[in-house]
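Work through these exercises with the model open beside you. Try each task before you read its solution.

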Amino acid sequence: MSKFHLAAQALREGQQTATRQLTLFRLFWLFVLSSFLGDLIEVAFWALTRGELVSRSSLLWGPFSLVWGLGAVMLTLALHPLQGQNNLVLFTAGTLLGGGYEYLCAWFQEWAFGACFWDYSHLPFNLHGRVNLVFCLFWGLVAVAWVRVVLPLFSLWIHRIWKGRTRLLTGLLAAFLLVSTILSAAALIRMGQRQDGVPASNPIQAFLDERFPDQRLQARYPYMGLTG
């Protein structure tokens, strides 16, 4: 059997797997895979368009973009009931959901951390610099590709992981991501406090000041802007 037929067979099998009921295990691994691949895509895009090799991760530890991971989970939950619809419906739903999701992510980062990780103010048809029309349409294309190709292949791979009984690996990876997320959020919050001239008043703040000074955070998030 040719590689083309094998790929087509895998895609058909994945499409059948993707229609099954969503589980927490499946959503977690969709989040992990999408976070990792999303980070790689952004790094590659930045290198190709700007000639720079920079970190695009959301976390201090690990090459994971939480925006991509959470976006994949959101698209999966929202579009799972629409898998039988045509591509126009998926595209429209993805455009609206993706645009709204990106806007909320930008707003939350500014509100919670006083930091801006992207700014579209220089692009036409933007809304408060948090989202713009071109990227909304891109979300629509992603939604179609996600439902038709990516989700089935990911679902098939995850299904095979479950057969391998990798619960220990899942638990360890979940613990790592949780610790990395909490530490990254704490370091960014403390960075905002330092910008406001707030001195360290407890051991945790002193630890964050010593291990994660502004220079290290700026190196990890080179295009982050502080909004106050």
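## Exercise 1: Aromatic pairs

This is a predicted model, and it holds 7 aromatic pairs.

**Task.** Classify the pair of Tyr-101 and Trp-139 by the angle between the ring planes, and place both residues in the chain.

**Solution.**
- Step 1. Take the distance. The ring centres of Tyr-101 and Trp-139 are 5.9 Å apart. Rings pair if their centres lie within 6.5 Å.
- Step 2. Take the angle. The planes of Tyr-101 and Trp-139 stand at 85 degrees. Angles over 60 degrees count as edge-to-face, and this pair is edge-to-face.
- Step 3. Place the residues. Tyr-101 sits in helix H4 (residues 87-113) and Trp-139 in helix H5 (residues 133-163). They are 38 residues apart, so the pair links distant parts of the chain.
- Step 4. Check burial. Tyr-101 and Trp-139 are both buried.

**Task.** Now treat Phe-207 and Phe-212: how are their rings arranged?

**Solution.**
- Step 1. The ring centres of Phe-207 and Phe-212 are 6.3 Å apart.
- Step 2. Their planes meet at 75 degrees, so this pair is edge-to-face.
- Step 3. Look at burial. Phe-207 has a relative accessible area of 38%, so it is partly exposed. Phe-212 has 3% relative accessibility, so it counts as buried.

Another aromatic group is worth finding on screen: Phe-28, Trp-29 and Trp-157 form one cluster.

## Exercise 2: Cysteines

**Task.** How many disulfides does the model have, and are Cys-105 and Cys-136 buried or exposed?

**Solution.**
- Step 1. A disulfide needs two cysteine sulfur atoms within 2.5 Å. The count is 0 disulfides.
- Step 2. Buried means under 20% relative accessible area.
- Step 3. Cys-105 has 14% relative accessibility, so it counts as buried.
- Step 4. Cys-136 has a relative accessible area of 13%, so it is buried.

## Exercise 3: Helix lengths

**Task.** Compare the span of helix H2 and of helix H6 with the expected value.

**Solution.**
- Step 1. Helix H2 (residues 24-50) has 27 residues. From first C-alpha to last, H2 reaches 38 Å, close to the expected 39 Å.
- Step 2. Helix H6 (residues 167-195) has 29 residues and should span 42 Å at 1.5 Å a residue. The end C-alpha atoms of H6 are 42 Å apart, so the two values agree.
- Step 3. Look past the ends. Just after H2, Gly-51 has a positive phi of about 70 degrees. Just after H6, Gly-197 has a positive phi of about 80 degrees.
- Step 4. Find buried residues in H6. Among them are Leu-173, Leu-177, Ser-180 and Met-191.

## Exercise 4: A serine in a loop

**Task.** Where is Ser-57, and which residues is Ser-57 in contact with, leaving aside neighbours within four places in sequence?

**Solution.**
- Step 1. Ser-57 lies in the loop between H2 and helix H3 (66-79).
- Step 2. Ser-57 has 5% relative accessibility, so it counts as buried.
- Step 3. A polar atom of the Ser-57 side chain lies 3.1 Å from the backbone nitrogen of Leu-59.
- Step 4. Beyond those neighbours, Ser-57 is in contact with Asp-39, Gly-62, Pro-63, Phe-64, Arg-220 and Tyr-221.

## Exercise 5: The whole chain

**Task.** How many helices and strands does the protein chain have, and in what order do they come?

**Solution.**
- Step 1. The protein chain has 8 helices and 4 strands.
- Step 2. Along the sequence the pattern is α-α-α-α-β-β-β-α-α-α-α-β.
- Step 3. Of the 228 residues in the protein chain, 41% are buried.

Methods. Residues numbered from 1 in each chain as written. Heavy atoms only, no water. Buried < 20%, exposed > 50% of the residue type's maximum accessible area, 1.4 Å probe, protein only. Phe/Tyr/Trp six-rings, centres within 6.5 Å; stacked < 30°, edge-to-face > 60°. Helix = DSSP H or I, 4+ residues; strand = E, 2+ residues; numbered from the N terminus. Expected span 1.5 Å × (residues − 1). Polar contact = N/O pair within 3.5 Å; in protein donor to acceptor, adjacent residues only side chain to side chain. Contact = heavy atoms within 4.5 Å.
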